[in-house]
Amino acid sequence: MLRLFTALTLPDDVAETLKRRQSGLPGARWRPLEALHVTLAFYGEMDERRADDLASELSRVGGGPFEIALRGVGAFGDAHRSQTLWAGVETPDDRLSVLAGRCKAAGQRAGVAMEARDYRPHVTLAYLKPQANPDRIGAWMAGHNLLRSPPIRIDRFGLYSSVLTSDGSHYELEREYPL
């Protein structure tokens with residue numbers, strides 16, 4: 001079984017800038033440099049045949065190059081505690097959301113049951129342990145919320161496999177698709 005998702009990789013200089021911000025918060029499990037990406041669609045586990053069908057459908061996505069930028073930081077979680085720190089992603093138009101929608105539709109055409117939640121583009125920076133202090137989380141976000149990247153040209157996306165280990169997920173680029 002393969003656990004698959006599509007994502008945009010970040011240029012090395014942008015990823016290194018994010019990596020330098022990953023400190024100063026006890027209880028944060030910072031994501032390694034190679035795990036910093038913008039997820040487009042998560043497909044979950046599937047057999048090789050369905051993965052081949054998905055790869056074929058993704059080859060039809062296209063759409064042309066566009067730009068994104070990183071802007072600000074935030075946290076996901078429930079009403080009682082934050083669970084994930086992220087860097088925000090913005091675009092001058094809706095092309096990133098369109099690409100994510102096309103990747104989701106490719107999964108549906110390949111017979112993958114897709115999540116129904118709205119697409120919220122971001123780069124996961126850390127997963128937070130339950131004992132992380134909410135005041136420290138807020139202070140970290142306030143200290144990094146002016147994050148801004150220069151425009152990042154996106155001209156391809158990748159199909160990645162994910163293997164869960166005791167140290168977190170390990171990602172492997174399986175295929176790359178030009179836009």
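How many helices and strands does the protein chain have? In this predicted model, the count comes to four helices and nine strands. Read from start to end, these elements follow the order β-α-β-β-α-β-β-α-β-α-β-β-β.

As for overall shape, the protein chain has a radius of gyration of 17 Å, which agrees with the value near 16 Å for a compact globule of 179 residues. Along the principal axes, the C-alpha atoms fit in a box of roughly 45 × 35 × 30 Å. The accessible surface adds up to about 9,800 Å², and carbon and sulfur atoms supply 47% of that. Of the 179 residues, 42% count as buried. Contacts across the sequence matter for the picture too: among those with a separation of 6 or more, 75% join residues 24 or more positions apart.

Now to the inside. Nonpolar side chains tend to be buried together in soluble globular proteins. Here, the largest nonpolar core takes in 48 residues, and Y43, L58, V123 and F157 are the ones with the most contacts inside it. Leaving aside residues up to four places away in sequence, Y43 touches L4, F5, T6, L54, L58, C103, K104, G107, V112, M114 and L159. There is also a second, separate core of five residues, with F5, A35, Y160 and Y171 among them.

Two loop residues round out the tour. The loop between helix 3 (95–109) and strand 6 (122–128) holds E115. Is E115 buried, exposed or partly exposed? With a relative accessibility of 37%, E115 counts as partly exposed, because that value falls between the 20% and 50% cut-offs. The side chain of E115 makes a polar contact with the side chain of R117, at 3.0 Å. Beyond residues up to four places away in sequence, E115 touches F42 and K104; K104 is also one of the residues that Y43 touches. P92 is another matter: 23 residues separate P92 from E115 along the chain, and their C-alpha atoms are 26 Å apart.

S149 sits in the loop between helix 4 (134–144) and strand 7 (152–154). Its relative accessible area is 15%, so S149 is buried, the cut-off being under 20%. Which residues does S149 touch, not counting those up to four places away in sequence? They are A69 and L70. With L70 there is a polar contact as well: the side chain of S149 reaches the backbone nitrogen of L70 at 2.8 Å.

Definitions and conventions
Residues numbered from 1 in each chain as written. Predicted model: local features only at pLDDT ≥ 70, side-chain atom pairs only at ≥ 80, totals over all residues. Heavy atoms only, no water. Core = buried A, V, L, I, M, F, W, Y, C linked by side-chain atoms within 4.5 Å. Buried < 20%, exposed > 50% of the residue type's maximum accessible area, 1.4 Å probe, protein only. Contact = heavy atoms within 4.5 Å. Polar contact = N/O pair within 3.5 Å; in protein donor to acceptor, adjacent residues only side chain to side chain. Rg over C-alpha atoms; globule rule 2.2 N^0.38 Å. Areas by Shrake-Rupley, 256 points an atom, 1.4 Å probe, with all protein chains shown as cover.
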